[in-house]
Amino acid sequence: MPHLLHLDASARRRSFSREAGSTFADAWREAGGTVTHRDLARDPVPQITEAWTGICDNLLADGITALDRLADGARTPDQVAAWRIVQPLLDELVAADVVLIGTPMYNYGVPASLKAWIDQVTFPRMSLTGRTIVVASARGGSYLPGAPKAAFDHQARYLQDFAAGHFAITDVRFLHAELANSVIDPLLADLRPRHEASLTRALQEARALGRDLATKVTA
């Protein structure tokens, strides 16, 4: 049975990234898949500590890369305590066929809550090849190719490079709801129709992709 890890990182309880992520997850369930949901904003993951870096040092020194042996890097009492934080996060990640990240763009990048999760679950030379990452993103402006601020999109590039560079995941899909600030900023009111069209398209793509990926994994 296909399994999805669904992460939410928006500080808002109701947000466009949460809406797009939920749409994808609902379609995934309807296609027969199961879901583990973790809300990184409501239940924050702690920042990594020096003990966590010690685990990485031990893994590098001993050449340990197998996912089922990463716990071997925790040797001191502080490292064992740090691993207790990592273990459930890593178990959820490894069990997933697809990872769905619902995230806003904050200051041209990702929220600190998402970065903390990324730091906790990333270890030297680990591979999650064969999995897919889907990013359901909401951005205040437009960062699509050709937009004036396209070069400022450090969110999508970061997540894509991280997935490929650390996890060997090359299948990364993006569902972007653009121009979200037009809903609240009077100076951007003329862009509201473009935002609504972008959101509608993102929701439609989320519904279709959730169904299609769950079906693909099952096949």
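These points concern helix 5 and the largest cavity of a predicted model.

1. Helix 5 covers residues 154-167, which is 14 residues. At 1.5 Å a residue it should span 20 Å, and its end C-alpha atoms lie 19 Å apart, so the expected and computed lengths agree.

2. Consider both ends of the helix. At the N-terminal end, Asp153 acts as a cap, with a side-chain oxygen 3.2 Å from the backbone nitrogen of Gln155. After the helix comes Ala168, which has a positive phi, near 60 degrees.

3. Which residues of helix 5 are buried? They are Gln155, Ala156, Leu159, Phe162, Ala163 and Phe167. Viewed down the helix axis, these buried residues fall within an arc of 135 degrees, so they line one face of the helix. The face turned away from the buried side carries Arg157 and Gly165, which are exposed.

4. The buried residues of helix 5 have several packing partners. Among the helices, these are helix 3 (77-95) and helix 4 (112-121). The strands are strand 3 (98-104), strand 4 (132-138) and strand 5 (171-177).

5. A search of the whole structure gives one cavity of 30 Å³ or more. The largest cavity holds about 80 Å³ of space.

6. What lines the largest cavity? The lining includes Leu93, Val99, Ile101, Trp117, Ile118, Ile133 and Val135. Leu159, Phe162, Phe167 and Ile169 also belong to the lining. At least two lining residues come from each of strand 3, helix 4, strand 4 and helix 5. Helix 5 gives the most, with three residues. Leu159, Phe162 and Phe167 are also among the buried residues of helix 5.

Note on methods. Residues are numbered from 1 along each chain as its sequence is written. This is a predicted model: local features need pLDDT of at least 70, side-chain atom pairs count only at pLDDT 80 or more; totals for chains, interfaces and linings use all residues. Side-chain values use heavy atoms; hydrogens and water are left out. Helices (H or I, at least four residues) and strands (E, at least two) are DSSP runs, numbered from the N terminus. The expected span of a helix is 1.5 Å times one less than its number of residues. Buried means under 20% relative accessible area, exposed over 50%, partly exposed in between (1.4 Å probe, protein chains only). The arc is that of the directions from the helix axis to the C-beta atoms. Contact means heavy atoms within 4.5 Å. A polar contact is a pair of N or O atoms within 3.5 Å; within protein, one must be able to donate a hydrogen and the other to accept it, and residues adjacent in sequence count only if both atoms are side-chain atoms. On a 1 Å grid over the protein atoms alone, a cavity is a set of points where a 1.4 Å probe fits but cannot get out, and a pocket is an open set with protein on both sides within 12 Å along at least five of seven lines; lining residues have an atom within 4 Å of a point. Grid points are joined across faces, edges and corners, and a volume is the space filled by probe spheres set on the points.
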